[in-house]
Amino acid sequence: MVALPIDEIKRLLDLHPKSPSIRYQYGTAGFRTLGKVLDPVLFRVGVLAGLRSKKLDGKVIGVMVTASHNPEPDNGVKLVDPRGEMLESAWEIHATNLANAATTDDFVAALEDFVKLAKIDLSKPARVVFARDTRPSGPALVASLKDGLQAIGAETRDGGITTTPVLHYLVRTMNTKGTSASYGDDSEEGYITKISTAFKNLVAGKAALAPLTIDCANGVGAKTGQQFQDALKDTLPIVLENTNGVLNENCGADYVKTSQKLPPSLETVLQAGQRACSLDGDADRLIYYYLDERRQFHMLDGDKITALTASFIVDLVKASGLEQKIKVGVVQTAYANGSSTKYLTERLPVKCVSTGVKHLHHAAEHYDVGVYFEANGHGTVLFSPQAEDTIRNHKPSTPAQSTTQTHLINTIDVINQTVGDALSDMLLVEIVLAHKSYSGAEWDSLYADLPNRLVKVVVGDRNAFKTEDAERRLVSPVGLQAKIDELVRKYEGGRSFVRPSGTEDVVRVYAEAALRPQADELAFRVAGLVYDEAGGDPVNRPREFL
Ligand code: G16
């Protein structure tokens with residue numbers, strides 16, 4: 001029986017002590033907090049990643065060091081399972097427990113218990129690939145992670161500085177290398193080549209594409225964006241903006257989605273009618289927009305991306321003669337605009353799940369083709385293995401069917417099915433716009449968004465807020481939901497919900513209503529209820545909270 005290398009673990013763990021006053025939590029997208037307090041967590045995540053790999057018979061596990069859309073001083077870490085999907089949720093609680101073990105002895109004891117409980121065969125190999133985004137705290141955190149990986153004896157590969165979706169792609173390709181399920185070449189070049197080749201095939205013969213401006217959020221997407229720029233050249237002229245300033249500051253997908261306006265740096269750059277998009281800090285979210293002739297800003301968010309791409313795939317499936325064999329479905333969260341849900345449910349099966357890509361991803365796996373995007377621009381399209389086989393082995397009865405079948409196969413290749421991928425999603429959007437000859441305004445006109453507002457409320461303990469019904473209703477604090485319901489009834493087309501964020505220390509309030517001033521008022525009044533409920537200081541109550 002192989003035992004845990006306790007001495008080595010203790011020796012290295014002592015280099016990464018945990019402060020007794022900090023409690024960590026594996027949230028919506030892993031651990032996420034100020035980068036300067038994460039050192040002990042990274043070590044422990046390294047050990048856990050090694051154990052996860054051993055549990056899965058030496059399959060490659062991914063570790064991404066990023067805090068995505070959060071401000072630059074934040075950082076975080078998330079684990080990626082062998083097919084490139086998020087860590088199995090049953091392990092999240094163990095990640096939290098190990099991260100919070102107070103002393104070296106406590107950690108070792110917790111580790112031994114966990115190995116027994118999870119029945120991990122320690123004689124199995126451990127293989128881990130890791131990467132980080134561009135945050136200044138990244139190198140030190142990766143050093144701590146490496147100590148953890150060394151302590152558990154993992155074989156490692158350093159994916160360097162890259163986007164979250166590239167890391168997910170690497171995990172999947174490393175695990176399928178040399179098999180019939182090969183997902184592609186296991187390198188960053190392999191990723192760029194696979195996606196850009198499929199893109200070029202899909203837009204061949206279409207009218208030349210107008211230049212596309214990409215706001216890179218001053219993050220790692222600038223690097224991968226540059227690689228696509230080089231690979232695509234004139235097929236899609238790309239203009240990269242916000243490439244090396246302060247990460248996510250006044251730019252990026254979260255800024256655009258939340259403030260519903262153009263990043264200030266694009267105000268002098270963007271022409272009326274020209275389309276542009278924003279990535280977030282690790283390039284897994286995408287928001288499009290354009291300015292009309294009066295230079296009014298129009299946003300095309302994750303919901304609009306769903307409407308556009310799902311209908312394109314449905315059209316291709318139909319035109320290939322596969323309508324009876326392949327059903328397309330959509331997954332959204334409570335943040336989806338009410339108009340988008342109405343538009344989509346009139347056309348396709350739609351499911352609503354809790355926030356977090358892991359929830360959407362799993363729900364999408366139940367469809368032959370599952371299209372999922374959070375309103376914040378995080379999402380992708382999943383083809384079930386059977387659907388993929390059906391598409392690839394289909395015998396078309398006409399040349400037109402043959403053409404659309406080829407389009408479908410290239411569509412599968414342009415999509416990064418492992419996780420939401422802003423750049424791959426962006427190319428999918430460009431393909432659909434090229435095929436439908438849509439301008440941004442024509443895409444926007446698929447349906448009209450209900451005015452909506454998202455507000456953050458800082459509270460003492462966000463964990464006091466508990467939800468049910470895919471986060472659409474609060475069960476705790478008791479009585480607050482009834483007050484929200486009463487308020488919502490006063491607004492035409494009103495809808496509002498409250499949930500604790502899993503990535504920031506805040507409670508989020510969403511509201512929509514038939515008219516803009518009402519949506520704003522409803523959001524701020526619900527935020528006021530939350531603030532009061534959480535015992536906020538009446539003297540410092542934000543003025544907007546009415
Ligand atoms: C992460 C998750 C997303 C989620 C977002 C906000 O995104 O991956 O699924 O929508 O956080 O979550 P919350 O409202 O719980 O803070 P990212 O882009 O920050 O990794």
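**View 1. Ser68 and its surroundings in the predicted model.** Ser68 has a relative accessible area of 3%, and because buried here means under 20%, this residue counts as buried. The structure shown is a predicted model, and the values in these legends should be read with that in mind. Ser68 sits in the loop between strand S2 (60-65) and strand S3 (74-80), and UniProt, in an unreviewed entry, places the feature "active site" at this residue. When its neighbours within four places in sequence are left aside, Ser68 is in contact with Arg32, Asp133, Arg135 and Asn248, and also with Asp280, Gly281, Asp282 and Asp284.

**View 2. The largest nonpolar core, with Met426.** This core has 75 residues, and those with the most contacts inside it are Ile214 and Met426. Helix H15, which spans residues 422-436, gives the most to this core, contributing 10 residues. Apart from neighbours within four places in sequence, Met426 is in contact with Leu212, Ile214, Leu236 and Ile238, as well as with Cys277, Leu286 and Tyr288. A second core, separate from this one, has 46 residues, and Tyr24, Leu42, Val45 and Val128 are included in it.

**View 3. The largest pocket and its lining.** The space in the largest pocket comes to about 880 Å³. Its lining is made up of 36 residues, and those that lie nearest the centre of the pocket are Gln25, Gly27, Arg462, Ser501 and Gly502. Two or more lining residues come from each of strand S1 (31-34), helix H3 (92-100), helix H12 (357-364), strand S16 (466-468) and strand S18 (495-500), with the largest share, four residues, coming from S1. Sorted by class, the lining of the largest pocket holds 16 polar, 12 charged and eight nonpolar residues.

**View 4. The second largest pocket and its lining.** The volume of the second largest pocket is about 640 Å³. This pocket is lined by 24 residues, of which Arg172, Tyr183, Phe383, Pro385 and Glu388 are the closest to its centre. Helix H6 (164-176), H12, strand S14 (379-383), helix H13 (385-393) and helix H14 (399-414) are the elements that give two or more residues to this lining, and H13 gives the most, with four residues. By class, the lining of the second largest pocket has nine charged, eight nonpolar and seven polar residues. Helix H12 is listed among the contributing elements for the largest pocket and again for the second largest pocket.

How values were computed: Residues are numbered from 1 along each chain as its sequence is written. This is a predicted model: local features need pLDDT of at least 70, side-chain atom pairs count only at pLDDT 80 or more; totals for chains, interfaces and linings use all residues. Side-chain values use heavy atoms; hydrogens and water are left out. A nonpolar core is a set of buried Ala, Val, Leu, Ile, Met, Phe, Trp, Tyr and Cys residues joined through side-chain atoms within 4.5 Å. Buried means under 20% relative accessible area, exposed over 50%, partly exposed in between (1.4 Å probe, protein chains only). Contact means heavy atoms within 4.5 Å. On a 1 Å grid over the protein atoms alone, a cavity is a set of points where a 1.4 Å probe fits but cannot get out, and a pocket is an open set with protein on both sides within 12 Å along at least five of seven lines; lining residues have an atom within 4 Å of a point. Grid points are joined across faces, edges and corners, and a volume is the space filled by probe spheres set on the points. Ala, Val, Leu, Ile, Met, Phe, Trp, Tyr, Cys and Pro count as nonpolar, Asp, Glu, Lys and Arg as charged, and the others, Gly among them, as polar. UniProt positions are given in the numbering used here, feature names are shortened, and annotations may be inferred rather than shown by experiment.
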